[in-house]
Amino acid sequence: MNALTGGNYTTADGRKIGNTMMEMKNITLRFGGVVAIKDISFDINEGEIRAIIGPNGAGKSSMLNVISGFYNPQEGEVWFHGKKRPPMRPYQVARQGIARTFQNIALFEGMSVLDNVMTGRLTHMKAGMLSQMIWKGKAEAEETANREIVEKIIDFLEIQAIRKTPVGRLPYGLKKRVELARALAAEPKLLLLDEPMAGMNVEEKEDMSRFILSMNDEFGTTIALIEHDMGVVMDLSDRVVVMDYGKKIGDGTPDDVRNNQEVIDAYLGVAHD
Amino acid sequence: MFYRESGDFSTTYAEDNQTFPIKFDRYRYYAVLAVAFLVIPFIINDYWANAVFVPFLIYAIAAIGLNILTGYCGQVSLGTGGFMAVGAYAVYKLMTAFPEVSMLVHVPLAGLITAGVVTLFGLPSLRIKGFYLAVATLAAQFFLVWLFNKVPWFYNYSASGQISAPERDVIGIIITGPNTEAWAKYMICLIFVTLAALIARNLTRGSVGRKWMAIRDMDIAAEIIGVNPMMAKLTAFAVSGFFIGIAGALFFSVYLGAAEVGESFGIDKSFLVLFMVIIGGLGSIFGSFAGAAFMVLLPVFLKNVFVGLLGWPTDLAAHLQFIVSGGLIIVFLILEPHGLAQLWRLAKEKLRLWPFPH
Ligand SMILES: Nc1ncnc2c1ncn2[C@@H]1O[C@H](COP(=O)(O)OP(=O)(O)OP(=O)(O)O)[C@@H](O)[C@H]1O
Ligand SMILES: [Mg+2]
């Protein structure tokens, strides 16, 4: 527990953080004999940038997979906006306003950048089959309205020049950006980013950090992100959860975490008993 | 510089999202429609209708149907022949039970019935993928042929076990039965193929189409953006079945006139339509037409060369024809796996640069 649990605080740079949006209570996740997550609790507040860090295999991605509904934990509860969430399929989670990116990019390789980002709008598109068949009325109007939103996101992420390019032809760094655009297009309340800067050079990392900060600032998107680059984590995040071997070993502001002996040990590779 | 995009600016998103955003393409499309509707009906004769145009148009509808399922949604199907049979038997039962109702109602209705049946056979796709799904649809193919053979109610207890289309007209023009004129057969198929292509194009450019393609490209990622995989797959099976059912209904009632299920809707039909889709180009409406044209024209062309030009005996020519078309399909799959539609795109890219290739 730390002072900031429960939300409603003001950050050093003057952003107002709201109530608790998501609360993970005593989550345990097993794969056969492997315990990927051991009795972990933490919360995410509205408007926050929350980081999850930890060595390889610590269970960070598994935690995001629990939040986004890929895995149902054997024990524990997920609370979202003050309500306990029943077991859900990923598409149901998406419809609640939670979007994400993957550690290994998961784009639709056969579609153009524009179409990929447009798929991010699917939860907002309601025109029925018949209207789409004749492409008049609701279907056409909806397509145009959503295209406008998507174009704004494309401008925001500076990918205008490649909007008609098939995704399969793009280099890695741009793919990561397109995947972010797709997630952002959903206008999520909570955005989960699994290692958004993995494999990027310094310049690309700076761009990505800039995007993450302005997403949070301009659109008020709450963000939970996994990242290995400590510099980035310390700069971006309001609070950090530290995991090691499926357990939570630290939780607090970047400064708290940096000075936590258990965290230092985990990163220096002190032997486990 | 015959073909150009420059000077063609879209000023609205709706314009950018047109079926043919480039003016030149749009004009060519109108020209094709004008010839198809205003010229061909006046010059078509029985040979051209029966050997080329009518089968081409009907197979194009079936190929559009299969392309939606396989090309757009990524679900393999070897049941097309059986699904066409559902359309054929549905329209037969409808036209004999309700002779006073127009064929313009019966044919789409047969499509709807087929949509229901195909959706049912699509249920395994919720659990299995790829090769296993192909085998499941193959089982559907054999089951359906067996069913229509076995249950006499489907062929109205006729002694031969065949179904034959009674004479029906639309606004006084006979479109089924032995007295149908070539141009009438052609026109009724042309109307259905035009509507089918428009509907398919509209569905594939909007949100339904993106859901299908998302499932095709990566089903896990599709779920994460809010696509219900069950709904996406089953709608693809339903829409696909609708078109394939219409194709089957027209194939029997307008083209064949009389049909026996094993012979007319056997496994070879499933493969034929699958080849059309692969050769034409998966995930392309234009490709469905190109593939249908290729597979219909190839045997006609080869027959003319072997028998007409070289004077070989017809049975030898028929066998050679199989070998040559089979060989061509293999060559095609190796050289251009994305089909005729991709060749066309490449040709356009070349034309845009011509005569300055760099
Ligand atoms: N689907 C699965 N089946 C079996 N074991 C799994 C599965 N997914 C994860 N694990 C195991 O759970 C543990 C945690 O994995 P996870 O991917 O969550 O780690 P991570 O913290 O994201 O690591 P990294 O930094 O390498 O991405 C690992 O031991 C992994 O092998
Ligand atoms: Mg991970």
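Burial in chain B, to start. Of its 358 residues, 49% count as buried. Keep in mind that this is a predicted model.

Two cysteines belong to that buried set. Cys73(B) has a relative accessible area of 0%. Cys189(B) also comes out at 0%. Both values fall under the 20% cut-off, so both cysteines count as buried. Now the disulfides. How many are there over all chains? The count is zero. The test is a pair of cysteine sulfur atoms within 2.5 Å.

Next, the overall form of chain B. What radius of gyration does chain B have, and what would a compact globule have? Chain B has 21 Å. A compact globule with 358 residues would be near 21 Å, so the two agree. Along the principal axes, the C-alpha atoms fill a box of roughly 70 × 55 × 45 Å.

Secondary structure. Chain B holds 15 helices and four strands.

Contacts. Take those in chain B between residues at least 6 apart in sequence. Of these, 72% join residues at least 24 apart.

Now the surface. Chain B exposes about 16500 Å². Carbon and sulfur atoms supply 71% of that area.

Charge. Chain B carries 22 positive side chains and 19 negative ones. How far apart do the centres of the two sets lie? The answer is 6 Å.

Last topic: backbone angles. Most residues other than glycine have a negative phi. I have two residues to show with a positive value, one in each of chains A and B.

Chain A first. Tyr245(A) has a phi near 45°. Where does Tyr245(A) lie? Look at the loop between strand S11 (239–244) and strand S12 (247–252) of chain A. Is Tyr245(A) buried or exposed? Its relative accessible area is 54%. The cut-off for exposed is over 50%, so Tyr245(A) counts as exposed.

Now chain B. Ile171(B) has a phi near 35°, again positive, and again in a residue other than glycine. Which strands flank its loop? They are strand S2 (168–170) and strand S3 (173–176) of chain B. Ile171(B) reaches 79% relative accessibility, so this isoleucine counts as exposed too.

Put the pair side by side. Tyr245(A) sits in a loop between two strands. Ile171(B) does as well. Tyr245(A) is exposed at 54%, and Ile171(B) at 79%. Set against them Cys73(B), buried at 0%, and Cys189(B), buried at 0%.

Terms used
Residues numbered from 1 in each chain as written. Chains lettered and ligands numbered in written order. Predicted model: local features only at pLDDT ≥ 70, side-chain atom pairs only at ≥ 80, totals over all residues. Heavy atoms only, no water. Buried < 20%, exposed > 50% of the residue type's maximum accessible area, 1.4 Å probe, protein only. Rg over C-alpha atoms; globule rule 2.2 N^0.38 Å. Contact = heavy atoms within 4.5 Å. Areas by Shrake-Rupley, 256 points an atom, 1.4 Å probe, with all protein chains shown as cover. Lys, Arg positive; Asp, Glu negative; His and termini not counted. Charge placed at Lys NZ, Arg CZ, Asp CG, Glu CD.
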